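Subject: Structure handover

Dear colleague,

Please find below the structure that I am passing on to you. My notes on what was found in it follow directly after.

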2 protein chains.
Amino acid sequence: MTAGDRPRRPPTAQQFVLEEIRRAITSGELRPGDPIRQDALAAELGVSRVPLREALKILEGEGLVAYRVHRGYGVVSLSMDDLREVYRIRELLEAEAVRRAIGELTAADLDRLEEIQRGVERAGEAGDVAGMAAANRRFHFTLFECSGMPRLVRHIRLLWEATDAYRSLYYSDGENRQRVNREHRATLAALHDRDAEKAIASLDEHRAHAVAALELAFSEETAAKPGQ
Amino acid sequence: MTAGDRPRRPPTAQQFVLEEIRRAITSGELRPGDPIRQDALAAELGVSRVPLREALKILEGEGLVAYRVHRGYGVVSLSMDDLREVYRIRELLEAEAVRRAIGELTAADLDRLEEIQRGVERAGEAGDVAGMAAANRRFHFTLFECSGMPRLVRHIRLLWEATDAYRSLYYSDGENRQRVNREHRATLAALHDRDAEKAIASLDEHRAHAVAALELAFSEETAAKPGQ
DNA sequence: ATATCCTATTTTGGATCCAGTATTGATTCT
DNA sequence: AGAATCAATACTGGATCCAAAATAGGATAT
């Protein structure tokens, strides 16, 4: 019954709009390639175009929307090549983050990671796909942040956000959700052993499965509608 | 005498303001830690606050300025740790870019790089520090873009831009400028040989010297004014 | 004298309105 | 019929104005 129970509306319209557009893109409400009409979207969200445009500038920087002068914004559609590129860059940066984190990891950090992983599993068992995706994110970034390299984490976050629209595909499959838990457990074991290379290998595998799933989804999609 | 002779004013106020603020930050006109008063800056540049704020949002995404709600923007000041982190991430990403580029490099690409390097040397001999920095940038990014990984290049560009304010320190020293040319020549030789690892090693050295120069500048600065 | 509270001012956040550019559809000419 | 041209429309870019939050300064109470 406290104020924090349901997601409170952010203090500024800008932040509210930012979250709304993000949600709309990841949920598929706004689909890749869709143009974004400022007037219509602003009216729909009940704000003026000014905060909307600032939010769009942020999303442009994150690579979620594309912008052309006098032509406006549109949701970017990623090709499979783009996705592979994002995952390759993540491989490079996340390996560095884990290597640095290993040396800094405290017992308290490991406990937190264990607790978060329990949350991932709870959400998975409850069939809460969105909750599991959020907890998964917490798991990974809690680890990355132990690296003590905030800029590195920022770049990794940018990469994750760029593919948010496609991540839901992965989590909607029950088998993938189980696999995630196995891989997280393997990662945790490696972290307990302070074995950086093993942890990295485990995360690489984790990522490779996601890419494979996306390849499959893409090939099905292009097979279904060869034209567009 | 044609229209393209001097830098034409960009088509939108937003882009104009963006370039102006960037220039002001890299030139030291706006110094790290300085707050950015929207009204004053907008008036100075002869535009309203709307395009200014959108430009600032872009710069925030690039990490050049920091923002806090209701408190506005300010030029970020980087610590030596921040700089080391940026250069470490560059090391990881630029190595990947070079590895990918090596396989794709055409004779035309190599010719272009040679030509650009001649431009770097010309600017250096003429004592045109800003011109040399710009040509140096072209040299590196022309190479990176051969990787065929646009997102990777985007992330590398973000990292370069984050340290633009500090790069001028390096180029203001004549010995460093000579060193740059030697290292570019070494990189070019490795590229001609299609030796990725040698090219990467050469660029790593290039970067290490820049970091060393920054370390020196930082230690002098903190020695000069221990308080702030 | 110090700390606290209140008020005035500064500064940012947002809404509305106007101007300029791109797009669409109709019209005309070949 | 098809292409080119031009006008009407839709949409973005930008300026001005208003509201709300933060800050600074001064008054008051202890």
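**The surface around DNA strand D**

By class, the surface near DNA strand D is made up of 7 nonpolar, 7 polar and 5 charged residues. Please keep in mind throughout that this is a predicted model. Of the 19 residues around the strand, those that come nearest are A:Arg49, A:Tyr67, B:Thr12, B:Ala13 and B:Ser48. In terms of secondary structure, helix H2 (38-45) and helix H3 (49-62) of chain A, along with helix H1 (13-27) and helix H3 (49-62) of chain B, each contribute at least two residues to this surface.

On the DNA side, 72% of the atoms of strand D that lie within 4 Å of the protein belong to sugar or phosphate, and the rest belong to bases. Several pairs of atoms involving phosphate oxygens of DNA strand D can be listed individually:

- B:Ser48 places a polar side-chain atom 2.7 Å from a phosphate oxygen of the strand.
- B:Gln14 has a polar side-chain atom at 3.3 Å from a phosphate oxygen of the strand.
- A:Ile36 takes part through its backbone, with an N or O atom 3.3 Å from a phosphate oxygen of the strand.

**The two protein chains**

A turn of 180° with a shift of 0.0 Å along the axis lays chain B on chain A with an RMSD of 0.1 Å, and that is the relation of a two-fold axis. Of the interface residues of chain B, 97% are also interface residues in chain A, so the copies meet through the same surface.

**Helix H5 of chain A**

Helix H5 of chain A covers residues 107-125, and its 19 residues, at 1.5 Å a residue, should span 27 Å, which agrees with the 27 Å that separates its end C-alpha atoms. Many of its residues can be named as buried, among them A:Asp109, A:Leu110, A:Leu113, A:Glu114, A:Ile116 and A:Gln117, as well as A:Val120 and A:Ala123. The buried residues of H5(A) pack against three other helices of chain A, namely helix H4 (80-104), helix H6 (129-145) and helix H9 (174-192). After H5(A) comes A:Gly127, which has a positive phi near 75°.

**A buried arginine in chain B**

B:Arg90 sits in helix H4 of chain B, which runs over residues 80-104. With a relative accessible area of 4%, B:Arg90 counts as buried, because the cut-off for that class is under 20%. Its side chain makes a polar contact of 2.7 Å with the side chain of B:Glu94. When neighbours within four places in sequence are left aside, B:Arg90 is in contact with B:Ala95, B:Leu159, B:Trp160, B:Arg167 and B:Arg207.

**Backbone angles to look at**

Most residues other than glycine have a negative phi. Against that background, two residues of chain A may deserve your attention. A:His70, which is not a glycine, has a positive phi of about 65°; it lies in the loop between strand S2 (65-68) and strand S3 (72-75) of chain A, and at 76% relative accessibility it counts as exposed. A:Arg194, also a residue other than glycine, has a positive phi near 60°; it is found in the loop between H9 and helix H10 (196-224) of chain A, and its relative accessibility of 38% makes it partly exposed.

With best wishes

Conventions:
Residues are numbered from 1 along each chain as its sequence is written. Chains are lettered from A and ligands numbered from 1 in the order in which they are written. This is a predicted model: local features need pLDDT of at least 70, side-chain atom pairs count only at pLDDT 80 or more; totals for chains, interfaces and linings use all residues. Side-chain values use heavy atoms; hydrogens and water are left out. Copies are superposed by least squares on the C-alpha atoms of residues with pLDDT of at least 70 in both. Contact means heavy atoms within 4.5 Å. Helices (H or I, at least four residues) and strands (E, at least two) are DSSP runs, numbered from the N terminus. The expected span of a helix is 1.5 Å times one less than its number of residues. Buried means under 20% relative accessible area, exposed over 50%, partly exposed in between (1.4 Å probe, protein chains only). A residue is near a molecule or strand if one of its heavy atoms lies within 4 Å of it. A polar contact is a pair of N or O atoms within 3.5 Å; within protein, one must be able to donate a hydrogen and the other to accept it, and residues adjacent in sequence count only if both atoms are side-chain atoms. Ala, Val, Leu, Ile, Met, Phe, Trp, Tyr, Cys and Pro count as nonpolar, Asp, Glu, Lys and Arg as charged, and the others, Gly among them, as polar.
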